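Biologist: Please go through this entry with me, one question at a time.

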Amino acid sequence: MPINQHCYMPVLKWRQGEYQALLRLEDAQKDRIVPLIEVTPPDFDFETQTPSKTIDEHVVSFATRIQKKWGSRHALLDCGLLPPATRMADGRHPLAHLFDECTTLNASLIPVTGLDRDDAYQHAVHEIHTWSGHGAALRCSLEDAIDPDFDTNVYLLCETIGIGPNELDIVLDLESPNFDPQDDLIALISAALSGAAIFNSARSLTIVGASFPDSMGSVTGPLQLWPRREWLLYKALLGALGPNIRRPGFGDYAISAPTIAQGDMRLLKPSATIRYTVDDGWLIAKGNNVRDNGFGQYRTCSGHITGSAYYLGAAFSPGSNYVAGCQVGTENTGNLTTWRWVGTNHHITKVVHDLATFYGI
């Protein structure tokens with residue numbers, strides 16, 4: 001679908017649990033979202049002190065998975081998390097390689113760039129647009145957007161990558177801002193949106209933010225309600241924008257923080273958690289670490305969710321159904337990837353529902 005104000009943009013790092021979550025969405029939900037997919041670097045092997053895979057090995061199944069899990073639906077693809085010097089074994093830029101592979105399988109992708117990407121990255125975007133004609137997406141920060149030279153910088157970028165403003169999708173990525181005081185943040189965003197003409201002439205405009213904790217250490221079990229500040233901000237922002245300011249669409253980081261988990265995975269002891277999206281928040285059920293206490297505790301965590309007044313019922317989403325099944329024993333207790341797809345699938349379904357309700361569609 002073309003990106004518009006009613007469209008939801010989840011930012012996903014294309015982990016197994018995330019693409020399984022997309023696969024399990026109903027077509028009605030898939031038709032209402034355009035994911036922004038981030039290509040992450042290969043994991044680091046702390047034993048050998050080197051990346052665990054070459055970039056070729058790391059992305060070898062990427063295009064096939066896009067085709068199998070998302071088909072020919074629209075998505076944005078961002079290689080900005082890769083070190084700028086990363087190249088495939090044949091010398092190509094990873095972004096160019098991935099678009100070649102994905103297009104062969106009829107994927108419909110738009111390359112994402114930024115104002116600070118190097119010449120090689122912008123050249124790859126230019127080449128992709130030249131043969132695809134799909135345009136490009138600019139992922140910018142609030143700091144970028146409030147720069148008095150923002151218009152000039154973006155028009156120069158458009159010239160560099162060979163597109164017109166009406167072929168540019170803008171993603172204003174707040175990442176994890178200081179949401180308080182909210183009125184001050186709204187005033188800053190409003191000033192940015194009203195201060196640059198490119199926001200009105202771009203093909204689309206989406207604002208993305210995140211308030212999910214970057215560590216479960218800050219969550220108190222066994223059950224805690226955590227506010228979705230980016231969603232609360234978005235609703236308040238739409239109410240505060242002046243009549244001549246373009247209304248942006250909405251995006252978030254689903255049930256994750258923007259950061260990539262660091263540290264030696266052999267030493268980490270992740271807790272059993274269920275991240276269940278509800279009105280204006282996440283209901284987080286938290287148990288003990290799974291390495292020492294196993295996954296059986298997910299039945300108790302599921303019971304905390306289904307026994308809550310916030311639970312939306314098994315029929316609401318495949319993820320919500322799995323939580324109910326785990327609680328009564330008709331589903332197994334899974335692993336961390338299982339609970340990633342459960343939470344992400346339910347979250348996307350809930351946000352699509354929230355946007356439909358918000359816009360009365």
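**Backbone, sheets and a pocket**

Biologist: Which residue follows α5 and has a positive phi?
Modeller: Helices (H or I, at least four residues) and strands (E, at least two) are DSSP runs, numbered from the N terminus. The residue after α5 lies in the loop between α5 and β6. With phi near 70°, that residue is Asn106.

Biologist: What kind of model is this, and how are residues numbered?
Modeller: The model is predicted; local features need pLDDT of at least 70 and side-chain atom pairs count only at pLDDT 80 or more, while totals for chains, interfaces and linings use all residues. Side-chain values use heavy atoms, with hydrogens and water left out, and residues are numbered from 1 along each chain as its sequence is written.

Biologist: Is Asn106 buried or exposed?
Modeller: Buried means under 20% relative accessible area, exposed over 50%, and partly exposed in between (1.4 Å probe, protein chains only). Asn106 has a relative accessible area of 57%, and therefore counts as exposed.

Biologist: Which elements cover the buried residues of α5?
Modeller: In α5 (residues 94–104), the buried residues are Pro94, Leu95, Ala96, His97, Leu98, Phe99 and Cys102. Contact means heavy atoms within 4.5 Å. The cover includes α4 (62–70), β5 (74–78), β6 (108–113) and α6 (119–132).

Biologist: Where else is phi positive in a residue other than glycine, with a value near 55°?
Modeller: Most residues other than glycine have a negative phi, and most peptide bonds are trans. This one lies in the loop between β11 and β12. At 2% relative accessibility it counts as buried. Its phi is near 55°, and the residue is Ala254.

Biologist: Which residue precedes Pro222 across a cis peptide bond?
Modeller: Pro222 is in the loop between β9 and β10. A further cis bond runs from Asp180 to Pro181, with omega near -5°, and Pro181 is in the loop between β8 (168–173) and α9 (182–195). For Pro222, omega is near 0° and the preceding residue is Gly221.

Biologist: In β11, what is the bridge partner of Pro10?
Modeller: Two strands pair if DSSP finds at least two bridges between them. Strand β1 (residues 8–12) pairs with β11 (residues 249–252) in the parallel sense over three bridges, and two bridges join β1 to β2 (residues 36–38), also parallel. In β2, Leu12 has Ile37 as its bridge partner. In β11, the partner of Pro10 is Asp252.

Biologist: How many of the residues of β1 are buried?
Modeller: Both faces of β1 are covered. Tyr8, Pro10 and Leu12 are buried on one side, and Met9 and Val11 on the other. Of the five residues, the number buried is five.

Biologist: What is the order of the strands in the open sheet of three?
Modeller: The pairing in this sheet is antiparallel. β10 (223–227) and β12 (271–278) are edge strands, each pairing on one side only. Neighbouring strands are turned by 25° against each other on average, direction ignored. The order is β10-β13-β12.

Biologist: At what angle does α15 run to β12?
Modeller: β12 is joined to β13 (residues 281–289) by seven bridges, with Thr273 bridged to Lys286. Axes are lines fitted to C-alpha atoms, for helices over the stretch in contact, and angles run from 0 to 180 degrees between N-to-C directions. Helix α15 (residues 336–359) lies across β12 and β13, and its angle to β12 is about 10°.

Biologist: What is the volume of the second largest pocket?
Modeller: On a 1 Å grid over the protein atoms alone, a cavity is a set of points where a 1.4 Å probe fits but cannot get out, and a pocket is an open set with protein on both sides within 12 Å along at least five of seven lines; lining residues have an atom within 4 Å of a point. Grid points are joined across faces, edges and corners, and a volume is the space filled by probe spheres set on the points. For the second largest pocket this gives about 370 Å³.

Biologist: How many charged residues does the lining of that pocket have?
Modeller: The lining has 18 residues, of which Glu38, Arg117, Arg139, Asp173 and Glu175 lie nearest the centre of the pocket. Ala, Val, Leu, Ile, Met, Phe, Trp, Tyr, Cys and Pro count as nonpolar, Asp, Glu, Lys and Arg as charged, and the others, Gly among them, as polar. The lining divides into five nonpolar, four polar and, as charged, nine.
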